[in-house]
Number of protein chains: 2
Amino acid sequence: MPMKPNDSSVDAWVCLVRTEQRLLARVEEDMKRAGFPPLEWYDVLVELDREPTGMLPQAVVQSRVLLAQYNLCRLCDRLQREGLVLRQPSPDDGRSNLLVITENGRKLRREMWPSYAAAIETHLGSHLQPAEAAELARLLGKLVGGTG
Amino acid sequence: MPMKPNDSSVDAWVCLVRTEQRLLARVEEDMKRAGFPPLEWYDVLVELDREPTGMLPQAVVQSRVLLAQYNLCRLCDRLQREGLVLRQPSPDDGRSNLLVITENGRKLRREMWPSYAAAIETHLGSHLQPAEAAELARLLGKLVGGTG
DNA sequence: CCGAGATGCATGCAATTGCAAGGATAAGGT
DNA sequence: ACCTTATCCTTGCAATTGCATGCATCTCGG
């Protein structure tokens, strides 16, 4: 291999990708078996539900859930079709949509959480001491700076 | 089952998923800018290239790269179409395909690695001390046991 | 005010993925 | 041998994603 980055970096990279994908698949599978929609739905709903007003511009949600713009757009189509969110023209900016969570949306998010939390506990929490989980979060946090 | 909102497990979970997705997107983007195909291609090619014989049953590759069976099947279709692998009927098992890497496949893998290694270093290695990367890998390794 | 460029959103089309089903072979019990 | 069940691979169809583009609006310099 021509280049020689720290072996430990490559090892960490492989572990990171593989572990995340495995765990995410397991958690998603648990959620699906419980009859719930994909976790992306939860991600969007929880962002809106947290807001005191229950609404956010689509672009803000997009930046928080790490989805491509066209992808969030179509995800919102689906959420809207299911009556979980509404789209309102923004009074501040004629280009922007406000995404508004509906009562059904809040209800679904609330119902998903116990299963989600249980799956996280099963697939992650039960394998780590709290201090280890905190250390993991700290190390992961060091990786997300700027564009680097 | 109700859950404490600030549980360190949940925090670690969110960091894990978000960080992996961010970093993977950045690395894939670098690779694409360098004119290379998706990383899955690399994953399959490297498994075969590592084998002394340059071949493995499709099912073995599948279990290593964490893809659904129908997904790996179609990925192999693409690799075969590009002349990077061949499919041979297995002499041991009439149901099984042997995936064989071609000279072009080995060449592509070899050419991808420097860019891949550089991207890993940029997006992960440069943010962590070697000891931190090792610790990260260790913690992640604790998460993948059995079915739990 | 005007125009150039940026931003926020939507959509047509092609590629990829998920799902369900099916065909062929293998393994194990009777 | 026969039947049942499991494994390995493939494929049709629907849903989702990626990409390029288009449209309306906003921002900013003149």
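How many residues of chain B are in contact with chain A? Select both protein chains: 48 residues of chain B are in contact with 49 residues of chain A, two residues being in contact if their C-beta atoms, placed from the backbone, lie within 7 Å.

Some conventions before going on. Residues are numbered from 1 along each chain as its sequence is written, while chains are lettered from A and ligands numbered from 1 in the order in which they are written. The model is predicted: local features need pLDDT of at least 70, side-chain atom pairs count only at pLDDT 80 or more, and totals for chains, interfaces and linings use all residues.

**Stop 1: the interface**

Stay on the side of chain B that touches chain A. Helix 1 (8-33), helix 5 (103-123) and helix 6 (130-141) of chain B are the elements that give two or more residues to this side. Helices (H or I, at least four residues) and strands (E, at least two) are DSSP runs, numbered from the N terminus. Colour helix 1 of chain B, which supplies the largest share, 16 residues. By residue class, the side of chain B that touches chain A divides into 28 nonpolar, 12 polar and 8 charged. Here Ala, Val, Leu, Ile, Met, Phe, Trp, Tyr, Cys and Pro count as nonpolar, Asp, Glu, Lys and Arg as charged, and the others, Gly among them, as polar.

Next, superpose the chains. A turn of 180° with a shift of 0.0 Å along the axis lays chain B on chain A with an RMSD of 0.1 Å. The two copies are thus related as by a two-fold rotation axis. The fit is by least squares on the C-alpha atoms of residues with pLDDT of at least 70 in both. Of the interface residues of chain B, 98% are also interface residues in chain A, so the copies meet through the same surface.

**Stop 2: chain A, overall**

Hide everything except chain A. Chain A has 6 helices and 3 strands, which run α-α-β-α-α-β-β-α-α from the N terminus on. Along the principal axes, the C-alpha atoms of chain A fill a box of roughly 55 × 35 × 25 Å.

Colour by pLDDT, the predictor's confidence in each residue, from 0 to 100. Chain A has a mean pLDDT of 93, with 94% of its residues at 70 or more. Select residues 1-5 of chain A: pLDDT stays under 50 here, and the model has 12 contacts beyond four places in sequence for this stretch.

**Stop 3: the sheet of chain A**

Select the strands of chain A. They form an open sheet of 3 strands in the order 1-3-2, with antiparallel pairing. Strand 1 (55-57) and strand 2 (85-89) of chain A are the edge strands, each pairing on one side only. On average, neighbouring strands of this sheet are turned by 25° against each other, direction ignored. Two strands pair if DSSP finds at least two bridges between them; strand 2 of chain A and strand 3 (residues 97-101) of chain A have 5 bridges, in the antiparallel sense. To find the register, pick Gln88(A), which stands opposite Leu98(A) in strand 3 of chain A.

Now add two helices. Helix 3 of chain A packs on the sheet, touching strand 1 and strand 3 of chain A, and its direction makes about 85° with that of strand 1 of chain A. Helix 4 of chain A also packs on the sheet, touching strand 2 and strand 3 of chain A, at about 115° to the direction of strand 2 of chain A. Axes are lines fitted to C-alpha atoms, for helices over the stretch in contact, and angles run from 0 to 180 degrees between N-to-C directions.

**Stop 4: the sheet of chain B**

Switch to chain B. Strand 1 (residues 55-57) and strand 3 (residues 97-101) of chain B run antiparallel and are joined by 3 bridges; Pro57(B) stands opposite Leu98(B). Strand 2 (residues 85-89) of chain B is joined to strand 3 of chain B by 5 bridges, also antiparallel. Pick Val85(B) and Ile101(B), which stand opposite each other, then Leu86(B), whose bridge partner is Val100(B).

**Stop 5: the DNA**

Which residues come nearest to DNA strand C? Of the 22 residues around DNA strand C, they are Gln58(A), Ala59(A), Tyr70(A), Arg95(A) and Gly94(B). A residue is near a molecule or strand if its C-beta atom, placed from the backbone, lies within 6 Å of it. Helix 3 (58-65) and helix 4 (69-81) of chain A, together with helix 4 (69-81) of chain B, give two or more residues to this surface.

Finish on DNA strand D, surrounded by 22 residues, of which the closest are Gly94(A), Gln58(B), Ala59(B), Tyr70(B) and Cys73(B). Helix 4 of chain A together with helix 3 (58-65) and helix 4 of chain B each supply at least two residues of the surface near DNA strand D. This surface divides into 8 nonpolar, 7 polar and 7 charged residues.
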